[in-house]
Protein chains: 2
Amino acid sequence: MIRINENYLKLQASYLFSDIAKRVAVFQQQNTDIEVIKLGIGDVTFALPQACIQEFHRAIDEMAVDSSFRGYGPEQGYDFLRTKIAENDFKRCSEPIPPDEIFVSDGAKCDTGNFQEIFNDAIKIAIPDPVYPVYVDTNVMAGRSGLFKAGRYDGFLYLESGWDNNFVPNPPDVPVDLIYLCFPNNPTGAVITKTQLQEWVDYAREHRALILFDAAYEAFIRDDRLPHSIYEIDGAREVAIEFRSFSKTAGFTGTRCAYTVVPKNCMGFDAQGKGHSLHNLWNRRHTTKFNSVSYPVQRAATAVYTEAGQVQVKKRIDYYLNNAAIIRQAVTDLGFKCVGGVNSPYIWIDGQRDSWEFFDLLLNKAGVVCTPGAGFGLSGKPFIRISAFNTLENVQKAMGRVKNALA
Amino acid sequence: MIRINENYLKLQASYLFSDIAKRVAVFQQQNTDIEVIKLGIGDVTFALPQACIQEFHRAIDEMAVDSSFRGYGPEQGYDFLRTKIAENDFKRCSEPIPPDEIFVSDGAKCDTGNFQEIFNDAIKIAIPDPVYPVYVDTNVMAGRSGLFKAGRYDGFLYLESGWDNNFVPNPPDVPVDLIYLCFPNNPTGAVITKTQLQEWVDYAREHRALILFDAAYEAFIRDDRLPHSIYEIDGAREVAIEFRSFSKTAGFTGTRCAYTVVPKNCMGFDAQGKGHSLHNLWNRRHTTKFNSVSYPVQRAATAVYTEAGQVQVKKRIDYYLNNAAIIRQAVTDLGFKCVGGVNSPYIWIDGQRDSWEFFDLLLNKAGVVCTPGAGFGLSGKPFIRISAFNTLENVQKAMGRVKNALA
């Protein structure tokens with residue numbers, strides 16, 4: 001009899017985005033004259049950078065001719081892309097990241113979801129709250145949690161982010177084995193300082209733990225004191241994996257390209273305490289279950305590192321950061337406390353009421369869609385997330401409406 | 001302490017393709033005047049079909065303009081592609097496959113590798129021998145095997161394919177829970193009849209087992225009596241998942257697009273014997289750990305179903321099938337017994353000697369590279385695989401050389 005993985009039965013159905021869609025549909029039916037402005041989902045708005053488009057087309061022309069056609073590529077990604085990543089994205093680290101420590105993939109979602117496979121099922125997991133749900137759900141699927149009770153899964157250690165720690169949790173005072181960190185944070189928009197990140201690295205070294213560092217939003221950092229990469233921190237290479245993405249940097253959410261850094265001296269341990277290279281384990285996983293990213297997509301991603309690509313990407317991110325500043329200013333003017341919106345496309349707003357109630361208020365009084373914080377965990381219940389991924393015009397219009405409605 | 005998944009330590013290192021590369025390099029150094037002809041790897045040779053190229057470019061033009069740009073798409077794939085697949089690829093099935101039973105993905109390798117995640121770790125696996133190694137390795141990683149001893153993993157039931165069963169194993173006389181079948185087969189090129197496949201479906205229904213049916217090579221079937229899909233078999237929808245790919249059909253090995261059919265009435269069971277929809281479980285897995293295929297790639301794949309696309313794809317496959325026939329005739333003329341090469345791009349040749357010995361013979365005497373059967377399992381040891389993925393000129397030249405060397 002084909003027995004299912006019963007851990008899946010523990011998973012809570014996520015109706016967040018379908019619930020949002022339903023409420024928006026009802027509102028739109030009753031208010032056909034109002035144009036709803038969506039500042040909910042974390043998706044980009046604008047066309048791919050022109051440099052990427054050109055290179056994308058060029059690579060497809062190559063695929064149209066037998067002599068330049070490419071079939072299976074290296075599972076880890078083409079050297080032309082890995083080299084550019086290594087040369088450009090880790091300049092601020094004291095030790096260079098060599099190209100062969102970079103695994104190109106089709107998404108940070110996939111990589112953050114899959115990486116846990118190379119670990120034992122019995123490890124103790126520390127998960128932020130609020131959190132990007134993929135970290136949680138993939139560990140539930142793997143059987144690392146107990147049942148869901150009162151808003152949380154038994155067995156995980158939750159790292160609460162709130163006003164008391166300025167949305168950057170400190171290392172716990174008990175040992176854990178695997179730690180998920182994401183900075184600039186989704187959903188809160190909070191950033192971590194080098195000193196704070198050093199504490200996490202020190203904790204991981206002390207406990208022989210591992211940090212999975214999700215840096216999908218690092219391109220939004222404009223404050224030079226903040227770390228773009230965990231490898232800017234002393235000792236991090238031995239205890240940290242880093243996830244990066246072209247999604248929010250270059251608008252690749254629908255084009256799909258990302259990468260993961262797995263340093264060669266980063267170790268996991270067997271039952272006898274013997275160290276094993278996580279690089280080798282992940283390489284085995286990656287080459288067995290994945291067949292690399294579409295060749296033209298890898299070429300398009302490489303164009304991000306051209307001079308024109310860098311200018312175009314920076315311009316786009318500056319634009320979103322300007323939106324974020326406008327949103328932050330508007331909600332601050334209204335008297336709400338918030339975090340994020342600086343060095344981040346997300347603004348996390350303390351509504352001091354139930355997040356769905358606040359959601360309904362903004363929808364019904366201003367025709368603006370946000371994301372209720374409850375969708376990101378128990379700690380998110382009094383918060384909403386507003387995203388800067390929209391046009392300046394829409395952001396201005398939305399904030400004007402919100403001010404009129406709530407002032 | 002971050003404990004590793006120690007099942008990875010059971011995995012045998014695969015040196016197959018690196019060993020091949022090393023031997024070829026040595027030969028090439030010693031014989032700089034001989035052009036080595038590679039008929040080893042199962043990769044395609046020719047440019048993408050023109051219909052796909054045009055649609056690929058068109059989709060990138062959409063991505064270049066804000067108003068038509070696409071960000072995150074539905075994780076299961078766009079309806080425009082799923083609808084075309086449903087309309088075209090399952091015409092011969094008595095019941096239609098609806099679009100929403102189709103999950104678009106970036107490769108049949110990924111899907112055949114990942115699908116086992118939704119099952120219990122204790123299920124009994126039946127694996128063909130010889131076999132595409134991904135089925136084996138992913139189950140070893142999940143902990144469903146014992147140690148590797150004398151060429152095989154403890155705990156799996158191996159389905160041997162050889163001359164006694166004409167390379168189509170019969171259902172075993174003991175119960176198993178999960179069965180991997182691949183027809184037209186990689187590596188043997190063998191095909192399965194409807195009667196034989198019906199026996200497997202009946203077996204699965206009797207034992208409440210599940211068949212994972214890898215149909216990546218179905219486009220090579222030219223014999224109308226053979227099933228293209230397992231869903232042509234009565235009762236299969238309840239006990240079978242089917243994997244398809246654009247890789248070998250339309251040359252997408254480097255472009256990456258595939259799909260998996262998960263019928264809604266296909267069930268797995270919990271410890272109490274209660275049925276659960278595998279469609280729902282896979283949907284949860286797919287949406288949690290995957291973010292769909294690049295939008296322009298999905299558009300390019302859709303072009304396979306245009307009139308021009310169908311003509312171009314058929315022409316390409318006819319070309320490879322002609323190569324296969326030439327290879328099959330040549331090795332038969334030399335007195336070797338073989339299977340495949342008809343309705344399949346692979347020819348599986350009984351060398352009646354160690355496969356590496358035969359490999360070296362073909363390399364050193366004819367400058368032709370094949371794949372030693374030992375790389376596909378214990379049963380492959382006296383065989384080699386020759387692939388039809390090359391130009392007609394190279395295939396003719398290679399077979400001429402082989403005839404001269406061995407006649």
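**Exercise 1. Charges over rings.** Determine which residue lies over the face of A:W163, and at what distance from the ring centre.

*Solution.* A charge sits over a ring if NZ of Lys or CZ of Arg is within 6 Å of the ring centre and within 35 degrees of the ring normal. A:K337 lies over the face of A:W163, 4.2 Å from the ring centre. In addition, A:R385 lies over the face of A:Y346, at 4.2 Å from the ring centre.

*Conventions.* The model is predicted: local features need pLDDT of at least 70, side-chain atom pairs count only at pLDDT 80 or more, and totals for chains, interfaces and linings use all residues. Residues are numbered from 1 along each chain as its sequence is written, chains are lettered from A in the order in which they are written, and side-chain values use heavy atoms, with hydrogens and water left out.

**Exercise 2. An aromatic pair.** Classify the pair B:Y319 and B:Y320, and state whether B:Y320 is buried or exposed.

*Solution.* Step one is the rule: rings of Phe, Tyr and Trp (its six-membered ring) pair if their centres lie within 6.5 Å; planes under 30 degrees apart count as stacked, over 60 as edge-to-face and the rest as tilted. Step two applies the rule: the ring centres of B:Y319 and B:Y320 are 6.2 Å apart and their planes stand at 85 degrees, so the pair is edge-to-face. Step three concerns accessibility, where buried means under 20% relative accessible area, exposed over 50%, and partly exposed in between (1.4 Å probe, protein chains only). B:Y320 has 2% relative accessibility and therefore counts as buried, whereas B:Y319, at 26%, counts as partly exposed.

**Exercise 3. The relation of the copies.** Establish how chain B is laid on chain A.

*Solution.* Copies are superposed by least squares on the C-alpha atoms of residues with pLDDT of at least 70 in both. A turn of 180 degrees and a shift of 0.0 Å along the axis lay chain B on chain A with an RMSD of 0.0 Å. The two copies are thus related as by a two-fold rotation axis. Within chain B, B:H57 comes closest to this axis, at 3.1 Å (C-alpha).

**Exercise 4. The interface.** State how many residues each chain gives to the contact, and how many salt bridges cross the interface.

*Solution.* With contact meaning heavy atoms within 4.5 Å, 83 residues of chain B and 83 residues of chain A take part. A salt bridge is a side-chain nitrogen of Lys or Arg within 4 Å of a carboxyl oxygen of Asp or Glu. By this rule, four salt bridges are found across the interface of chain B and chain A. A:R284 and B:D137 meet through their side chains in a salt bridge, at 2.9 Å from N to O.
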